[in-house]
Amino acid sequence: LVPASWRAAFGQAKPYKFGMLQPLSGVGAAVGKTALVGALMATERINKSGGVNGRPIELVVVDDESKPSIGLRKAEKLVLEDKVDVHVGGVLSNICLACIPVWEEAKIVNMIGVCLDTTLTTTKCSRYSFRPFDYAPARAAAFAPYLVGKMGKKWHIVFADYTWGQSNRDAYAQEIKNAGGEVVGTTGIPL
């Protein structure tokens with residue numbers, strides 16, 4: 001609410017520190033690097049238009065190396081050393097799940113970037129973490145009737161063998177069954 005001329009007279013407003021934990025190396029690197037480019041573009045655009053309530057955004061980026069143990073350690077660093085105000089990001093669900101307690105304990109809003117594990121918004125739901133997009137059971141409920149009705153009654157599900165893939169496997173298996181189909185097997189492919 002302070003006029004720009006006053007802000008200039010009294011110094012630059014303290015930036016909001018946005019922590020960004022992304023896989024910039026390892027199996028999730030392609031998605032993590034793409035997400036980082038988007039975050040950098042958004043940060044630049046927001047800052048050029050005056051920031052948030054007159055405060056610029058400072059992006060603090062760390063590489064979780066696509067590993068939950070490293071992601072957890074780096075999330076703790078963002079909170080304790082970097083003192084971020086908000087966290088934005090996340091690609092691999094197993095890392096997002098490992099870090100939920102860090103954001104919750106620090107009472108830091110965690111805007112999930114990609115992690116789609118069903119439990120993030122059900123059994124492991126936290127008042128500090130949210131994601132603004134799809135949910136495996138909703139996709140499966142929408143798509144399984146078409147699969148069973150138009151493509152075949154018997155299915156073998158191949159999935160990425162970690163939390164996100166497992167939640168998709170479970171959602172599709174249930175909805176295929178609900179649509180009158182049968183899952184004859186599943187194969188998990190390691191990351």
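Trainee: Which residues are buried in helix 5?

Mentor: Keep in mind this is a predicted model. In helix 5, the buried ones are Ala-136, Ala-140, Ala-144, Leu-147 and Val-148.

Trainee: OK, and what do the buried residues of helix 5 pack against?

Mentor: Two elements: strand 6, which is 154-160, and helix 6, which is 163-178.

Trainee: Where does the kink in helix 5 lie?

Mentor: Look at Phe-143, shortly before the proline Pro-145. The kink there is about 35 degrees, and the helix itself covers residues 136-151.

Trainee: And what happens just after helix 5?

Mentor: Gly-152 sits there with a positive phi of about 155 degrees.

Trainee: Switching to the sheet. What's the strand order?

Mentor: The order is 2-1-3-4-5, so to speak an open sheet of five strands with parallel pairing.

Trainee: Which strands stand at the edges?

Mentor: Strand 2 (57-63) and strand 5 (129-130). Each has a single partner strand, so one side of each is left without a neighbour in the sheet.

Trainee: How many bridges pair strand 1 and strand 3?

Mentor: Two bridges, in the parallel sense, between residues 16-22 of strand 1 and residues 86-89 of strand 3. Within that pair, Gly-19 stands opposite His-87.

Trainee: Which strands does helix 2 touch?

Mentor: Helix 2 (residues 29-48) packs on the sheet against strand 1 and strand 2, and its direction makes about 170 degrees with that of strand 2.

Trainee: What about helix 4?

Mentor: Helix 4 (residues 93-106) also packs on the sheet, touching strand 1, strand 3, strand 4 (109-112) and strand 5. The angle between its direction and that of strand 4 is about 165 degrees.

Definitions and conventions:
Residues numbered from 1 in each chain as written. Predicted model: local features only at pLDDT ≥ 70, side-chain atom pairs only at ≥ 80, totals over all residues. Heavy atoms only, no water. Pairing = 2+ DSSP bridges. Helix = DSSP H or I, 4+ residues; strand = E, 2+ residues; numbered from the N terminus. Contact = heavy atoms within 4.5 Å. Axes fitted to C-alpha atoms, helices over the stretch in contact; angles between N-to-C directions. Bend = angle between axes of the 7 residues up to and from the residue. Buried < 20%, exposed > 50% of the residue type's maximum accessible area, 1.4 Å probe, protein only.
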